[in-house]
Each structure stands twice: as structure tokens, then as C-alpha cells.
Amino acid sequence: MTTAASQCIFCQIAGKSTSTTLLHTDDKVVAFQDIRPAAVRHYLVIPVDHISTVKDLQRKPEDYSLVNHMLEVGKTLIQRDAPQCHQYRFGFHQPPFNSVNHLHLHCFALPYTPRWKCMKYIAMGPFGFLEAEKLLGKIKPLPQVISKV
């Protein structure tokens, strides 16, 4: 683990070096409750491997697959734990508005509590909150063109 990653609180959580209760764990991601919940349910899904921000993701099958898996895990947990809620939201903060430099998907069962907390999760173009589906669209690998020679 690099020095930056060893000091990263989310790397420590993913490495099970903290007392954080994990809601889900597999070889790619872990999920846990946000320490400052902004909604009825507010979970974070993070990759086990250190990836700093959404800006580090590329149009590669492995990046697309990872984000898609993060979203699937988040949806499963939120819908399981808050079936009474009818609105869900999933997304990422973009630099400079990310609080921890380790990729993390925010998973919300709405409404926000208190309501003013929604301000932190507003899409503001290239800087604000980025919906997970929009990120998937940005990093979806381009189809391979096979030329016949």
C-alpha cells in the first residue's frame, strides 16, 4: 500500500483496520453507513483498491465494471434497508467537493434529513454531485471496431 493509501481512512476501512461496521464486503468493494447521514438511509460504497476520485476513471471495461458493481451493491442495500422509501439517489462528489480522496458512491433513501442537507448533493456541472448513471455514461467503453484488411 502506498503512503497516501495507508493514510486514507477509506483504505483503512476497506482493509478492516477500523471498527466500522461493514454492510457489504466482497473482493471489489465494501459498504458502510456514512458517519454524517444526510437522509433516512445514507450509505457509502467504496472500492477496496485506492482510486482517488471520479477524475481517475477512464473509458475502460474494468472501470465501468467497478462503478456498475458499486451501484448494484448500493441499490441492493438501500432498497433492502429502506423499502418504505420511494425515492433513492446514487452519486459521487467531484473534486474539489469530495471530502475524502478515495472514490465513494453516496447511496440515499430519501428524504434528506434535515432537508437543507440536499444542498451538498446538487449537480453543478463539472464540479458538483455527479449521478452514478451519468458517470457510467461518461466511462462506458467505446465499441471495438474490427477492421477487415
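Which residue in β5 does R89 stand opposite? In this predicted model, the residue across from R89 is F108. That pair is a handy way into the sheet, so the strands come first here, then one buried histidine, then the empty spaces and a loop residue.

The sheet is an open one with six strands, and reading across it gives the order β1-β2-β3-β5-β4-β6, with antiparallel pairing. At the edges sit β1 (24-25) and β6, and each has a single partner strand, so one side of each goes without a neighbour in the sheet. As a bit of background, strands of a sheet pair through backbone hydrogen bonds, and they can do that either parallel or antiparallel.

Strand β4 covers residues 88-93. One of its partners is β5 (residues 105-112), which runs antiparallel to β4 and is joined to it by four bridges. R89 facing F108 has already come up, and G91 has its own bridge partner in β5, namely H106. The other strand to look at is β6 (residues 129-131), again antiparallel to β4, this time with three bridges. Here F92 is matched with L130 of β6. How much of β4 is buried? Five of its six residues are, so the strand is largely enclosed by the rest of the structure.

Now for H42, which belongs to strand β3. Is H42 buried or exposed? Its relative accessibility comes out at just 2%, and because the cut-off for buried is under 20%, H42 counts as buried. A polar atom of the H42 side chain lies 3.0 Å from the backbone nitrogen of A38. Leaving aside residues up to four places away in sequence, H42 also touches Q33, D34, R36 and P37, along with H106, C107, F108 and Y121. Two of those names are familiar from the sheet: H106 is the bridge partner of G91, and F108 is the residue opposite R89.

Next come the spaces. The largest pocket holds about 330 Å³. Its lining is made up of 20 residues, and D34, I35, R36, L44 and S99 are the ones nearest the centre. Two elements, α2 (9-14) and β2 (29-33), give two or more residues to this lining. The biggest share comes from α2, which supplies three. By class, the pocket lining splits into 10 nonpolar, six polar and four charged residues. D34 and R36, both among the residues nearest the pocket centre, also turn up in the list of residues that H42 touches.

There is also one cavity of 30 Å³ or more. The volume of the largest cavity is about 50 Å³. Around it are S52, T53, V54, F92, H93, N98, V100, H102, L103 and H104. Of these lining residues, four are nonpolar and six polar, with no charged ones. F92, then, lines the cavity and is also the residue bridged to L130 in β6.

Last is D49, found in the loop that runs between β3 (39-47) and α3 (61-81). D49 has 59% relative accessibility, and since exposed means over 50%, D49 counts as exposed. Although D49 and S6 are 43 residues apart along the chain, their C-alpha atoms are separated by 11 Å.

Methods
Residues are numbered from 1 along each chain as its sequence is written. This is a predicted model: local features need pLDDT of at least 70, side-chain atom pairs count only at pLDDT 80 or more; totals for chains, interfaces and linings use all residues. Side-chain values use heavy atoms; hydrogens and water are left out. Buried means under 20% relative accessible area, exposed over 50%, partly exposed in between (1.4 Å probe, protein chains only). Two strands pair if DSSP finds at least two bridges between them. On a 1 Å grid over the protein atoms alone, a cavity is a set of points where a 1.4 Å probe fits but cannot get out, and a pocket is an open set with protein on both sides within 12 Å along at least five of seven lines; lining residues have an atom within 4 Å of a point. Grid points are joined across faces, edges and corners, and a volume is the space filled by probe spheres set on the points. Ala, Val, Leu, Ile, Met, Phe, Trp, Tyr, Cys and Pro count as nonpolar, Asp, Glu, Lys and Arg as charged, and the others, Gly among them, as polar. A polar contact is a pair of N or O atoms within 3.5 Å; within protein, one must be able to donate a hydrogen and the other to accept it, and residues adjacent in sequence count only if both atoms are side-chain atoms. Contact means heavy atoms within 4.5 Å.
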